[in-house]
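Biologist: Hi! Could you walk me through this protein in plain words?
Modeller: Happy to. Let's put it on the screen and start with the charged pairs.

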Amino acid sequence: MITDETTVDDVAAVFGETAVYPSEYAGVYLRTGLLSEVGEMANVIKKVVRGDASIDEYRPRIYDEFGDVVWYAVMLSEEKGAPLHMTLGELVEAVTFDDSEHEAFGRAPYLAAATQVLARDLLTPTVSALRAVAEFSVVLGTVFGEEGNALSLAAQSVAEKLRSRAERGVIQGDGDHR
Ligand SMILES: [Mg+2]
């Protein structure tokens with residue numbers, strides 16, 4: 001079970017149980033995967049902006065894709081080799097966040113703008129992917145009025161999804177509904 005009290009290293013150990021990629025290409029694999037999952041999340045949020053569904057209807061899909069983003073960000077930070085004894089709660093507490101524009105902007109456009117900031121940060125080599133993800137998680141939590149930490153919620157749900165796929169032998173392949 002991943003909670004606010006779980007360290008990044010321990011999250012990586014849980015995620016690592018379902019990791020399938022060639023170790024010699026770990027860096028490029030994880031960076032590319034991170035980018036693709038941000039794109040998948042952006043695609044869901046774009047559909048909400050377009051009016052296909054309400055943001056609350058698509059909350060599970062947004063969290064699902066954000067969980068995938070968290071998976072890659074955590075694995076990438078571990079791949080870089082620095083041990084991270086910080087807990088997910090501490091990671092989020094370290095983030096300063098101004099939500100003053102949230103009400104005026106509208107929830108979906110606000111989340112869309114935050115996704116663009118996330119994508120930009122993830123492509124900036126000097127910005128920690130984990131920090132960028134923690135910042136986004138605070139925006140996500142604000143938009144959905146979350147009681148708990150959106151980062152640990154997403155991390156726990158992706159861990160469950162991947163464990164279930166691993167048990168069924170369907171880690172590799174395509175599709176969100178494996
Ligand atoms: Mg995905």
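**Charged pairs, helices and the core**

Modeller: Let's begin with Asp121, which forms a salt bridge with Arg120, with 3.0 Å between the closest N and O atoms. Keep in mind that this is a predicted model.

Biologist: Is Asp121 buried or exposed?

Modeller: Asp121 is buried, because its relative accessible area is 9%, and buried means under 20%. Its partner Arg120 has a relative accessible area of 51%, so Arg120 is exposed.

Biologist: How many salt bridges does a search of the whole structure find?

Modeller: The search finds seven. One of them joins the side chains of Lys161 and Asp64, at 3.1 Å from N to O. That pair links distant parts of the chain: Lys161 is in helix α8 and Asp64 is in helix α3, 97 residues apart.

Biologist: Nice! What about Lys161, buried or exposed?

Modeller: Lys161 counts as buried, because its relative accessibility is 14%.

Biologist: Any other pair I should look at?

Modeller: Try Asp52 and Arg50, a salt bridge whose closest N and O atoms are 2.7 Å apart. Asp52 has 42% relative accessibility, so it counts as partly exposed. Arg50 counts as exposed, because its value is 54%.

Biologist: New topic. Which helix ends just before Gly51?

Modeller: That is α2, and just after it Gly51 takes a positive phi of about 105°. Helix α2 has 25 residues and reaches 36 Å from its first C-alpha to its last, close to the 36 Å expected at 1.5 Å a residue.

Biologist: Which residues of α2 are buried?

Modeller: Among them are Ala26, Gly27, Leu30, Leu34, Met41 and Val48. Glu37 is on that list of buried residues too.

Biologist: And what covers them?

Modeller: The cover includes α3 (59-79), α6 (107-122) and α7 (129-143).

Biologist: Where is Tyr29, and how exposed is it?

Modeller: Tyr29 lies in helix α2, which runs over residues 26-50. It counts as partly exposed, because its relative accessibility is 30%. Together with Tyr25 and Val28, Tyr29 forms a nonpolar patch on the surface, and the three have about 290 Å² of accessible area together.

Biologist: So what about nonpolar residues on the inside?

Modeller: In soluble globular proteins, nonpolar side chains tend to be buried together. Here the largest nonpolar core has 55 residues, and Phe15, Ile62, Phe66 and Leu111 touch the most other members. The helices α1 (8-16), α2, α3, α4 (88-93), α6, α7 and α8 each supply at least two residues of this core. Its largest share, 11 residues, comes from α3.

Biologist: Let me zoom in on Leu111. What does it touch?

Modeller: Setting aside residues up to four places away in sequence, Leu111 touches Ile45, Ile55, Ile62, Phe136, Val139, Leu140, Val143 and Phe144. Leu111 is also one of the buried residues of α6, and the others include Tyr110, Ala114, Thr115 and Leu118. Our opening residue, Asp121, is on that list as well.

Biologist: Why does the length of α6 agree with what it should span?

Modeller: Its 16 residues should span 22 Å at 1.5 Å a residue, and its end C-alpha atoms are 22 Å apart, so the two values agree. As for cover, the buried residues of α6 have α2, α3, α5 (102-105) and α7 among their neighbours on top.

Biologist: Are the serines worth a look? Where does Ser137 lie?

Modeller: Ser137 lies in helix α7. It counts as buried, because its relative accessibility is 2%. Leaving aside neighbours within four places in sequence, Ser137 is in contact with Phe66, Val92, Ala150 and Leu151.

Biologist: And Ser152, buried or exposed?

Modeller: Ser152 counts as buried, because its relative accessibility is 6%. Ser152 lies in helix α8, which covers residues 150-167. Not counting residues up to four places away in sequence, it touches Ile2, Thr3, Asp4 and Leu88.

Biologist: Last one! How far apart are Ser152 and Gln116 in sequence and in space?

Modeller: They are 36 residues apart in sequence, and 22 Å apart in space from C-alpha to C-alpha.

Conventions:
Residues are numbered from 1 along each chain as its sequence is written. This is a predicted model: local features need pLDDT of at least 70, side-chain atom pairs count only at pLDDT 80 or more; totals for chains, interfaces and linings use all residues. Side-chain values use heavy atoms; hydrogens and water are left out. Helices (H or I, at least four residues) and strands (E, at least two) are DSSP runs, numbered from the N terminus. Buried means under 20% relative accessible area, exposed over 50%, partly exposed in between (1.4 Å probe, protein chains only). Contact means heavy atoms within 4.5 Å. Patches are made of residues with over 30% relative accessible area and no salt bridge: like charges are joined within 9 Å, nonpolar side chains (Val, Leu, Ile, Met, Phe, Trp, Tyr) within 5 Å. Accessible areas come from the Shrake-Rupley method with a 1.4 Å probe; for residues, only the protein chains shown count as cover. A salt bridge is a side-chain nitrogen of Lys or Arg within 4 Å of a carboxyl oxygen of Asp or Glu. The expected span of a helix is 1.5 Å times one less than its number of residues. A nonpolar core is a set of buried Ala, Val, Leu, Ile, Met, Phe, Trp, Tyr and Cys residues joined through side-chain atoms within 4.5 Å.
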